[in-house]
Structure formats: structure tokens, C-alpha cells
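Here are a few exercises to try with the structure open beside you. Have a go at each task before you read its solution.

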Amino acid sequence: MSPQKTPEKKVRIGCASAFWGDTATAAHQLVNGGQLDYLVFDYLAEMTLSIMAGAQMKNPSAGFAPDFIATLKPLLGQIKAQGIKVCSNAGGINAKGCAEALAKVVADSGIDLTIAVVEGDNLTQAFQANQQLHPHIVDMFSGQPIPDHLTSVNAYLGAPSITAALAAGADIVITGRVVDSAVVLGPLVHELGWSWQDYDKLAQGSLAGHVIECGTQATGGNFTDWRLVKDDYANMGFPIIECQKDGSFIVSKCSGTGGLVSCNTVAEQILYEIGNPEAYLLPDVTCDFSQVTLEQTDTNQVRVTGARGRPCTPQYKVSATYMDGFRSTATFMIGGIDAGEKGQAVADAIIQRVRGLLKLKGLDDFNDVNIEVLGTESTYGAQALTGQAQPREVVVKIATSHQDKKAMQIFGSEIAQAATAMAPGITGLVGGRPKPSPRLCLFSFLINKRDISPTYRLINTRERESEVVSVISGQAADSLENTWKDKPLPKPLNNSPEFTVPLIKLALGRSGDKGNHCNIGIIARDKSYLPYIEKALTPHRIAEYFAHLMSDRSEVIRYQLPALNSINIVMTHCLGGGGMANLRIDPQGKALAQQLLSIPIPINKSLYEQIAGETE
């Protein structure tokens, strides 16, 4: 009789939060139906850090996500009983405060759970005290010199401190700023015994984290083919990965929940905000996702393989925020015939009026003004459809910025008067008279790993000393193969006769921000469509299409992912400063992929009709 084979170890991880403010029901869903080993929460983005920095300016004890504690509190007993471990970056810019607040809740509950806090990312005090020691630092994207007064400075740490805290016995690990995928990679390295030099596995583990870090974006949320899942929106399933020792993993969701896990939903999320897919730089590994393959293994189950890794770089990325004056936004509706024309006239008049008052009071002009008449396709720039009937209701959004708070107060006081002094039909002033808020801008730079000491500490045990965690320094980025240039384009098949269809008929799309840059992923619905898409979507044409967003420094870079039948487009310096600095209605470029899907693409008619007929 042959000896029984020991089952290969698998690790199940569910993600219960895509951002600060996501639904608290996700954790209940995953704990009750996910059969998890780990529950992870991702709360942070560049914009989130700016918001937390603003909150801490008002209250020094703030700066973390209190939602995390409120969500966990009723689940602590189940988490303990099931042996689920928890990892989260809910600590924001005050990880210690978050961990201590949760420790009190755990102590009051009488449940025996050990909490660890990972620190070392928050460099704010060091830079505020010794900023003159860093005159050489410039923004990694714009070349701007480091501002005089930084409100927050956080390095993007990797996964080793999380792994070390788990090895020391932590049941719950709370971090400050780590890369989003680290809350998944840390547990995988701990459970599967991976080496920090096994770069292919680290890349696969990082990809697993990347796929689920945005919650339901992998399970049918924010999905181009939204009609396939619209009936499930009220009960969307949050994502789960089950990872094997070789790094391959299955993406799924809890049974009985809504949504969809398909090759297309997963592919959209893989392309989300990755920049160069052959050199996706993380603190622990340089990832190559260009040859990733997807396989639908069952209903709502997709197997992911093919990520490759190379050594990491010797630097951490650092995101700092600084205050650049104040901002204010007024939003109201205007109704009736020719509402769009009325809305533009009113917005222009308000700005003209306030400019006159600023001059009268000896104040400078606005730093920036952004007017959007929503309902007239103003966000589309020159691509707005014309020649159609004017909408009979629009929303007017006027955003301004100024170095002096008094100027913003004048702007706020002059909005309501338009209801009686200007065009008819003004109503619904959102939030009442607008109030000034700090305009927090992002400043990104690199810092050598040797200058930072990541630590972990078990805070509700007798072992209260922080432990420094060593990390691999990596190798210089310029020694890594640079493959961001386009490869030669494949020749489109059946080149004539041609007719045009909107890109959405041929592809899916997903977009998002990286600071002041926008990333647009385009996935061909059939591999035969890809040559036509690549031929049509040249960097020059994309730049023309989004000309209303481009600045003098903007550039369009296009990457290819042949294994996913995809291209990834990066538009630089196009988001008005990005995050909280951007005055537009879409500061993070979330709608740009959907706008690009309207662009007409020439394609062979018989080929298109054949493929479209087969898929209907």
C-alpha cells in the first residue's frame, strides 16, 4: 500500500476593504462564509494620506482609520474561534494610535488576541526637524525641489515586518504606509516559507495582493460589462485568493454572494494602476506581469499564473504632503431650457464677480479655477457630443484655490447671491455656502533603504520592545532591464475592407491614478481584435483625445501585455496635481477609461461580425 500523500498547504486570504470608507459588511461576509486563514484590509492611497494628514492637523490623535476598529469589534470572538489572523494598513500616519485603540477594545472584550504594530514608515518628525539636511531631494516626477514645510512624510514599506510580526505570534498586525499588496504578501511568505530571494514567488504573491487589494473591483465592481452584474450590486461578494506554495492562486468569492469572478474581471484589476507591467516596482521585488495568464477553472474561480520577479531596488518610494494654500468648491443645480448654457454663464459671472472683489481688497487672483457643467459632457473636452438637444438640468461645479484663506471665504460668500441675481432655475446648493479647506499636495521622492529601519512591536504583551527588521537592499534600477518602449506592432489581419466601431465593442477598460499620472488598461475581448486596437491607439492619438487634460510636461507611454491581450497606457502629468490638489470632478482619472471606450476603431467588418456573432 503506497503512503498517503500529504495535501499541499494552501493559504486563503480575503480582503474586506478597498479604501477608507468601504462597507463594513464585507468583513462580516468573509468571516462568516470565507473559510479564511487571513482577513486583510486596505485603507490607504495617496489621497487618503492627504486626508489623514489634514485630520491630524486638527486633532493630533487622529490620522488612522477608526472604521477598522469599529468593524473588527463585533467579530473578535469569531476571529479568535476560527483562528483567523488579520493584517491591515489602517494605521495610516498614526499606526501606534490605531494599534493602541484596538488593544483597548480587545482588552475590554476579554478575548486573547496579540496585536502588533509595524512602524518605521512615518518620517514626518525627522524631516520637519532636519529638512535642511535633504536639499538634494526633488519630486521624482516633476523635479520640483522639496517644499519648506511638509505636513506628512511616509515611506512605502514592504512585507518583511508583517512576516516578522506574524512569526513572533501576532494575531492582528497593524501597519502605517506599506504598499497595498504587502498585507497579502507578508502572510504568504510567513505561511508558505518563501525566501526573500525567491523573486518569482514574491511576484506571484504581490500579484495576489494587487488583485484583491481593491475589494470588489476583482469580483465585478467597477467592471466595463456592468450589466452582467447590476442585479447583484446590493450583495457583492468580496474577493478571496487561495495561494499554493508555488505561488499560483485561485481568485474566488463567498458562495451565495453577488458579483462575478471571470478572466475579464480579474484582468481589469491586474492592469489597474500598474504602470510598466514589466517593471512594477515594489519594495521587496520588481514584478513582471506581462506574461500573466488566466484560466477559468470553475464558476467564479480564476487561476492566475505567470508573474515573474527580479530583485527589488535599494530605495523606498516616499509620499509626502504639503499645504499649498486653500481650496473651495461650490456645487449647485440649474434647470430649465438651455440649462447648460445658463450654467456656464452663471459660473463665469461668479468668478468674474469674485475676481473684482479680490482686487478691491488688495488680494491676488486665484491660483487656479476649474468650472465643470456636468450634464453637458464638459469632462470630455473636445470629445463632447455636439449637435444634440441641450439638457434641461445640469450640475454646475466651480472649484477654486488661493494662497489666502480670506479669498476663499469671499468666494464662498458670493455663491448664494447668484440664485436671485443671475439665471433662473438655480437650486440645490450642495452643502450650503462652501467653506475653505487646506489644499494638500503630493510630493513623491526616493530614499535609500539603509536610511530607514522598519520595526514591529507586540503592544499588548510583556514584550514591548520594538524589533528592527532587516530588509534586502536590492540593486540599482538602472541595472534592471528597461522594457517600457513599445515592441514592433503586429500587422492587423484582413486589413480591408474597414469600418469603425467604438472601442467598447472590442475591449474592456479600467483607469486610475498614480499621483499626477493616469493609468488606463485596455483588454481586447478577442485576441484577433488586439492588432487593430494597437494600430489605432497610438500615443499621439491618445494625447489628442485627452488634449483637455494634458499639460506641457505630459507624455503618453504605451505598454504591451500579449498574454492578457492587453495594452496599458500611462498619461503623465495630466491630473491637475493629483488627489486633493486636483480641482476637477474626477481628480483620480477614474472615468477616463470609460471615456476612451467611445473612441472609434477601424476594423475588418467580416472579422468583427464573425467574432461578435460567435459571442452573442
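**Exercise 1: aromatic pairs**

Searching the whole structure turns up ten aromatic pairs. The model is a predicted one.

Task: work out what kind of pair F41 and F68 make.

Solution. Start with the ring centres of F41 and F68, which are 5.2 Å apart. Next, check the planes: they stand at 80°. Planes over 60 degrees apart count as edge-to-face, so that is the label for F41 and F68. Now place the two residues: F41 is in strand β2 (residues 38-41) and F68 in helix α3 (residues 66-72), so the pair links distant parts of the chain, 27 residues apart. Both F41 and F68 are buried. For contrast, take the rings of F443 and F445: their centres are 5.8 Å apart and their planes at 50°, so this pair is tilted. Both F443 and F445 are buried too. Finally, F41 and F68 form one aromatic cluster with Y43.

**Exercise 2: salt bridges**

Task: find which parts of the chain the salt bridge between K10 and E242 ties together.

Solution. The structure holds 15 salt bridges. In the one between K10 and E242, the closest N and O atoms are 3.9 Å apart, and the cut-off is 4 Å. K10 belongs to strand β1 (residues 10-15) and E242 to strand β7 (residues 239-244), so the bridge ties together parts 232 residues apart in sequence. K10 is partly exposed at 42% relative accessible area, and E242 is partly exposed at 22%. Add R12, and you have K10, R12 and E242 linked in a network of salt bridges.

**Exercise 3: buried or partly exposed?**

Task: sort E273 and K590 into buried or partly exposed.

Solution. First, the contact: the side chains of E273 and K590 meet in a salt bridge, 3.6 Å from N to O. E273 sits in the loop between α10 (263-271) and β9 (280-281), and K590 in the loop between β25 (566-571) and α16 (592-596), with the two positions 317 residues apart in this distant link. Buried means under 20% relative accessible area. E273 has 12%, so E273 is buried. K590 has 34%, so K590 is partly exposed.

**Exercise 4: charges over rings**

Task: find which ring lies under the charged end of K317.

Solution. Look at Y156: the charged end of K317 sits over this ring, 5.2 Å from its centre. Then look at Y316, where K449 lies over the face at 5.5 Å from the ring centre.

Key
Residues are numbered from 1 along each chain as its sequence is written. This is a predicted model: local features need pLDDT of at least 70, side-chain atom pairs count only at pLDDT 80 or more; totals for chains, interfaces and linings use all residues. Side-chain values use heavy atoms; hydrogens and water are left out. Rings of Phe, Tyr and Trp (its six-membered ring) pair if their centres lie within 6.5 Å; planes under 30 degrees apart count as stacked, over 60 as edge-to-face and the rest as tilted. Helices (H or I, at least four residues) and strands (E, at least two) are DSSP runs, numbered from the N terminus. Buried means under 20% relative accessible area, exposed over 50%, partly exposed in between (1.4 Å probe, protein chains only). A charge sits over a ring if NZ of Lys or CZ of Arg is within 6 Å of the ring centre and within 35 degrees of the ring normal.
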